[in-house]
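Please work through the exercises below with the sequence and the model side by side. Try each task before reading its solution.

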Amino acid sequence: MRILRFLQAGAPCYGVLKPDNLVMPLPGITSFEELRSHLREVTVAGDSPLLSLDTLTLVSPIDPPRNILCVGWNYLKHFDESLGKREGQDVPLPDRPTLFTKLPTTVAGPYDALPLQQSYTDKLDWEVELAVIIGTGGRDISEHDALSHVFGYTVANDISARDLQRAHGAQWFKGKSLDCTCPMGPVLVTADEITNPQDLAIACYLNGEVVQSGHTSRQIFSVARVIAEISAGLTLLPGDVILTGTPEGIGAARTPPVFIRDGDTIECEVQGIGRLRNTFKAQLRDAQPGRHQG
Ligand code: MG
């Protein structure tokens, strides 16, 4: 099932995306907990009039209950372009995933215009990622059971201020948590439709040109392993969002480096889920809700 959220009288509402870009609203479902508990019954009983996707302003398919949990350096070539070949020396791969978080205030919609944040950074960069939404919480989840805790998957852009990421010691939090730096969507695909999260093409485009092209089969730590590692001694909650890392091709690692500029459009896509499209504008202070176009 392909679930999305859209604005109705200014408030987010859930719906199910049907064929032909039609959306079946889910009246009475206002929270992720209600969605998780009642999804099957409301979609079976659903008799609301269908809406056209093109008329709706989408927001992120979920508001995470706390900081977004993120994996760094989860694709070998991205590790190499960022750290692994430093000064010609091979740096050994970490034997556990690198973890950090982004604040919930980073969340933005899949088609929002986004602020360039130029008062704070001139090195804003893109990172397309497969995002995992936890359905059943838990602690000490085994790698074997991990995927049964997943409610679904979506696409995220872990937008990163590279100068701030490195200006505050070895802690990435600030550079990863500027407002509106985690657009997500356009839909949440339930886990029953993505039986193998390690078999998805993943790509990012800058003004229509491919800048990242990867595949989740090349993740160093699988989705199941990441869930097992994070949940060791730490309770995962329903609705938690985990960003699973980005492939090679970030702007900072290019020669010369490329960073997001006023008017640039970044698109992030994961196979079987969909594509985000966000244009960056210098004059914006906050995200400006936008619609899918074509
Ligand atoms: Mg990232």
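The exercises that follow deal with a metal site, a strand and some charged pairs.

The model is predicted, with local features needing pLDDT of at least 70 and side-chain atom pairs counting only at pLDDT 80 or more, while totals for chains, interfaces and linings use all residues. Residues are numbered from 1 along each chain as its sequence is written, and side-chain values use heavy atoms, with hydrogens and water left out.

**Exercise 1.** Find which residues coordinate the magnesium ion.

Solution. Begin with the rule for donors, which are N, O and S atoms within 2.8 Å of the metal (3.2 Å for Na, K and Ca); water is not among the atoms, so sites may look incomplete. Applying this rule to the magnesium ion gives Glu127 (OE), Glu129 (OE) and Asp158 (OD), at 2.0 to 2.1 Å. Along the chain, these donors follow the spacing E-x1-E-x28-D. Finally, consider accessibility, where buried means under 20% relative accessible area, exposed over 50%, and partly exposed in between (1.4 Å probe, protein chains only): glutamate 127 and glutamate 129 are both buried.

**Exercise 2.** Describe the surroundings of strand 11, residues 128–134.

Solution. Strands (E, at least two residues) and helices (H or I, at least four) are DSSP runs, numbered from the N terminus. Seven of the seven residues of strand 11 are buried, so this strand is largely enclosed by the rest of the structure. Taking its faces in turn, Val128, Leu130, Val132 and Ile134 are buried on one side, and Glu129, Ala131 and Ile133 on the other. Next, look for partners, remembering that two strands pair if DSSP finds at least two bridges between them. Strand 11 pairs with strand 12 (residues 150–157) in the antiparallel sense over seven bridges, and valine 132 stands opposite tyrosine 153 there. Strand 17 (residues 241–243) also runs antiparallel to strand 11, joined by three bridges, with isoleucine 133 opposite valine 241.

**Exercise 3.** Work out how glutamate 267 and arginine 277 are related.

Solution. Start with the strands: strand 18 (residues 265–270) and strand 19 (residues 274–281) pair in the antiparallel sense over six bridges, and glutamate 267 stands opposite arginine 277 in strand 19. Then test for a salt bridge, meaning a side-chain nitrogen of Lys or Arg within 4 Å of a carboxyl oxygen of Asp or Glu; the two side chains meet in one (3.4 Å, N to O). Because glutamate 267 lies in strand 18 and arginine 277 in strand 19, the pair ties together parts that are 10 residues apart in sequence. Glutamate 267 counts as buried at 10% relative accessibility, whereas arginine 277 is partly exposed at 27%.
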